[in-house]
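Here is a set of exercises to work through with the model open in your viewer. Try each task yourself, then follow the solution step by step.

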Amino acid sequence: MGGSITVENDLTEKVSVMVSDKKGKTITGWDISIKPGQTYERKGDGFQPGKEYKLIYASASITNNRSAIFYAFKNPDISVFEISKLKEQLASKELDYLLNQVLPGVRIDTHTIEGKKYPESFLSDALLAHLVIHAVGADMKEAIVKCTRLQDSKVFLPFNKDFTGEFRPGQVFKLNIEHKLVKQKGRLKSDLWNKEASESSSDLEDQGPTRFAMTTFDRTIAYREWEGWMEKKSRLGFWQRRYCRITISKDNKNCSLDDGIIMNYYENDFSLTAKGSLKSSEILQVELVENSTSRRAFKLITKNNRPQTFRAPNKKTTDRWLRILKQYS
């Protein structure tokens, strides 16, 4: 988590506190006893943000151990927890971190399912895929648990009675933009990477799909905006619709774009397995296909000398892809 963590025993009796990881291994320095009125302080570098941990604390008057499962959060400064409010304060920190990690993956649009329209909604499948692909969730199960936390906090609302209301694949949800914490984190903004409108259309934010834009810029997650529908030219010359995402290597622990990016293309926006990938280190040249319709196609020249050609919905989107791919190739 980083920073410093302080636990204050504001009760009138000694309290024992233990924190373990998902496998049950006790975190170094977190099997402690704190006397009444005393505090315990330790650096939070033993916790990995986003990973699951279990907290257990007990005292003479607590007949059963109290416990809580939580996901570690980024802690740049000092976090102070009081024993009497430990679970509530921990849950508040966790929720703040989950909002920062999950909301950038929300894409709002009008979806049609079995002939019925669901305006201003998002599909759970697409968000879950985004979270797993970008390692916000270690797997689908963890991604579902994290989104369920936001549903329990009324950040995500089931669209209506047509769906079960549980956060799982195959459901339609609304983002509660009136939620106090959502308002603090950012706002909906036009998803320019997915605008199907022609180049002559304006970029008014009430047109087409929207995404959640964070108020505070975070370079470690900014690249997660770079995704959208394009067409890819097959070896036989056919154009195939593909959902493209920019990711970073799983070995890139610091989420640094300076270490290179990966251009992935999928069959749809909820696929977990890419149909193909191109590392920026393999791309020798990025160039616009001059004779393409409305200048919407671009070509990636790779080290194996086999060009990959993509076509975006409009020229503005093409320009965005060209700018990013040229910058990091």
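The secondary structure of this chain comes to 6 helices and 20 strands. Please keep in mind that the model is predicted. Its C-alpha trace spans about 80 × 45 × 30 Å along the principal axes. Of the 329 residues in the chain, 47% are buried. Among contacts with a separation of 6 or more, 54% are between residues 24 or more positions apart.

**Exercise 1. A helix and its surroundings**

Task: Determine how many residues of helix α2 are buried, and describe how α2 packs with helix α3.

Solution.

Step 1. Start with the accessibility of each residue in α2, which covers residues 124-133. Residues under 20% relative accessible area count as buried. The buried residues are Ser-124, Ala-126, Leu-127, Leu-128, Ala-129, His-130, Leu-131, Val-132 and Ile-133.

Step 2. That makes 9 of the 10 residues, so α2 is largely enclosed by the rest of the structure.

Step 3. Now turn to the partner, α3, which runs over residues 140-152. The two helices pack at an angle of about 120°, and their axes are 9 Å apart. The crossing of α2 past α3 is right-handed.

Step 4. List the side that each helix brings to the contact. From α2 come Leu-127, Leu-128, Leu-131 and Val-132, and they meet Met-140, Ala-143, Ile-144 and Cys-147 of α3. Sorted by type, the residues of this contact are 8 nonpolar, with no polar and no charged ones.

Step 5. Look just past the end of α2 as well: Ala-135 has a positive phi of about 65° there.

**Exercise 2. A lysine in α3**

Task: Decide whether Lys-146 is buried or exposed, and find its contacts beyond its sequence neighbours.

Solution.

Step 1. Place the residue: Lys-146 belongs to helix α3.

Step 2. Check its accessibility. The relative value is 2%, so Lys-146 counts as buried.

Step 3. Set aside neighbours within four places in sequence. Lys-146 then contacts Gly-50, Tyr-71, Leu-98 and Val-136.

**Exercise 3. Pairs of opposite charge**

Task: Compare the surroundings of the salt bridges Glu-82 to Lys-85, Glu-178 to Lys-183 and Arg-211 to Glu-225.

Solution.

Step 1. Recall the principle: side chains of opposite charge can pair when their charged atoms come close. Searching the whole structure gives 12 salt bridges.

Step 2. Take Glu-82 and Lys-85, whose closest N and O atoms are 3.7 Å apart. Glu-82 has 23% relative accessibility and so counts as partly exposed. Lys-85, with 44%, also counts as partly exposed.

Step 3. Next come Glu-178 and Lys-183, with an N to O distance of 3.1 Å. Glu-178 is exposed, at 55% relative accessibility.

Step 4. For Arg-211 and Glu-225, the N to O distance is 3.2 Å. This pair links distant parts of the chain, 14 residues apart: Arg-211 sits in strand β13 (residues 210-214), while Glu-225 is in the loop between α5 (219-222) and β14 (227-233). Arg-211 is buried, with a relative accessible area of 10%, whereas Glu-225 is partly exposed, at 26%.

Step 5. Finally, look for a network: salt bridges link Arg-107, Asp-191, Glu-227 and Arg-245.

**Exercise 4. Strand order in a sheet**

Task: Work out which strands stand at the edges of the sheet β4-β1-β7.

Solution.

Step 1. Write down the order, β4-β1-β7, for this open sheet of 3 strands with mixed pairing.

Step 2. Count partners. β4 (39-43) and β7 (78-82) each have a single partner strand, so they stand at the edges and one side of each lacks a neighbour in the sheet. From one strand to the next, the twist averages 15°.

Step 3. Inspect one pairing: β1 (residues 4-8) runs antiparallel to β4 over 5 bridges. Within it, Val-7 has Tyr-40 in β4 as its bridge partner.

**Exercise 5. Reaching across the sequence**

Task: Find what Asn-100 contacts beyond its sequence neighbours.

Solution.

Step 1. Asn-100 is in helix α1 (residues 86-102) and is partly exposed, with 24% relative accessibility.

Step 2. Leaving out neighbours within four places in sequence, Asn-100 contacts Lys-185, Met-214 and Ile-221.

Step 3. Check a C-alpha distance too: Asn-100 and Thr-216 are 116 residues apart along the chain, yet their C-alpha atoms are separated by 9.5 Å.

Note on methods
Residues are numbered from 1 along each chain as its sequence is written. This is a predicted model: local features need pLDDT of at least 70, side-chain atom pairs count only at pLDDT 80 or more; totals for chains, interfaces and linings use all residues. Side-chain values use heavy atoms; hydrogens and water are left out. A salt bridge is a side-chain nitrogen of Lys or Arg within 4 Å of a carboxyl oxygen of Asp or Glu. Buried means under 20% relative accessible area, exposed over 50%, partly exposed in between (1.4 Å probe, protein chains only). Helices (H or I, at least four residues) and strands (E, at least two) are DSSP runs, numbered from the N terminus. Axes are lines fitted to C-alpha atoms, for helices over the stretch in contact, and angles run from 0 to 180 degrees between N-to-C directions. A crossing is left-handed if the near helix is turned anticlockwise from the far one by less than a right angle, and right-handed if clockwise. Contact means heavy atoms within 4.5 Å. Ala, Val, Leu, Ile, Met, Phe, Trp, Tyr, Cys and Pro count as nonpolar, Asp, Glu, Lys and Arg as charged, and the others, Gly among them, as polar. Two strands pair if DSSP finds at least two bridges between them.
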